[in-house]
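Open the model in your viewer and keep the selection panel at hand. The stops below begin at the ligand and end with the whole chain.

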Amino acid sequence: MSETFRAILVSRDEQKKQSVDVVVMAPDDLMDGDVDVAVEATTVNYKDGLAITGKAPVVRRWPLIPGIDLAGTVIRSTHADWKTGDKVVLNGWGVGETHYGAYAGRARLNGDWLVPLPERFSPKDAMAIGTAGYTAMLCVLALEKAGIGPDRGPVIVTGASGGVGSVATAILSKLGWHVIASTGRPDEAGWLTDLGAAEIIDRAELSEPGKPLAKERWAAGVDAVGSHTLANVLAATSYGGAVACCGLAQGMDLPASVAPFILRGVSLFGIDSVMAPKPRRLEAWRRLAQDLEPEKLRSIATEITFDGILDAARDIVDGKIRGRVVVDMT
Ligand code: NDP
């Protein structure tokens, strides 16, 4: 049987002009690692869209196979924790940024980066979650660690029809929160309500410069958007509340004041999924298996194949993707 496989490769010429090609590779072409995984499913995150379109400097090694998430089966291992046949998940650790990533039939990885695929999930389920969903769970865990629960009042989720936002909406509603979903897509209101949103607000309410302090509207927030949106979310967070911030879909800036922090004791938690230590990853995946209902997961995901990755990458950067994209690589 031929061991060659297709891969997406992003390259840069001497003028630093980026190009993207579908190439055929062999195992010897891969970078170093002690575990080889047959990639059965992957996904397209916002960051993957940025890597493929070159709209932000995600790629930091040229050429590179992008793709920050994968799920599949171990086919070679010299790592003590993994043996042939194990089902695994990979999120982040610089894969798809500095190390060859998921958009290939085979990935060679450091075994320390892998977590076991939870029994409840197929590889495609795990990719319906992907980094976006696992980050949503890291946000939920941060709020819980601060002792803030649904008894304190509503939670706002920004970028609600995106990957992080849709999974956060589903999880938080399952946990009993009154979820206020902020979206720029009013036509998705029905879908967001089915996911568990109790209220929908127009993201325009939050995306323009606002006051340092506003009427208290929610006890907690999960923010995937940044910029004025995050500033306004903080300004309307009630006394002693907290916001978990993970994204920059509106912008990387944070034009806020210290007023919510020093007058209302509001906390802001920064969430990074890429280098999150393994125990936190295992906890997040354990909780995803517990708190994310399979039918919600199915309604969040749209399935494509390898050939659809490049279009999906462009669409996610243009804000045209609803929920999560799953790539069937089998
Ligand atoms: P998506 O593109 O799926 O979702 C982002 C959502 O943000 C969109 O669906 C849209 O929601 C909203 N949005 C887009 N543009 C704007 C804008 N100009 N102003 C306000 N809202 C906007 O991306 P993901 O959910 O995968 O990722 C969300 C963010 O989180 C990204 O910035 C990503 O880089 C970051 N991220 C960070 C991680 C970390 O480790 N910290 C991990 C994963 C993601 P709607 O249409 O509903 O308004």
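Select the shell around the ligand, meaning residues whose C-beta atom, placed from the backbone, lies within 6 Å of it. By class, this shell holds 13 nonpolar, 16 polar and 4 charged residues; Ala, Val, Leu, Ile, Met, Phe, Trp, Tyr, Cys and Pro count as nonpolar, Asp, Glu, Lys and Arg as charged, and the others, Gly among them, as polar. This is a predicted model, in which local features need pLDDT of at least 70 and side-chain atom pairs 80 or more, while totals for chains, interfaces and linings use all residues. Residues are numbered from 1 along each chain as its sequence is written.

Now highlight G159, G162, T183, G247 and S273, which come nearest to the ligand among the 33 residues around it. Helix 1 (46-53), helix 2 (123-145) and helix 3 (163-174) are the elements giving two or more residues to the shell; helices (H or I, at least four residues) and strands (E, at least two) are DSSP runs, numbered from the N terminus. Colour domain 1 (5-117 + 299-328) and domain 2 (131-270): each supplies at least three shell residues, with bounds from an automatic or database domain assignment.

Next, go to R152, in the loop between helix 2 and strand 8 (155-158). Is R152 buried or exposed? R152 is partly exposed, because 18 other C-beta atoms lie within 10 Å; buried takes 20 or more, exposed 12 or fewer, with C-beta atoms placed from the backbone. Measure from R152 to W177: their C-alpha atoms are 9.2 Å apart, at 25 residues' separation in sequence.

Finally, zoom out to the protein, with its 10 helices and 15 strands. Of its 330 residues, 50% count as buried.
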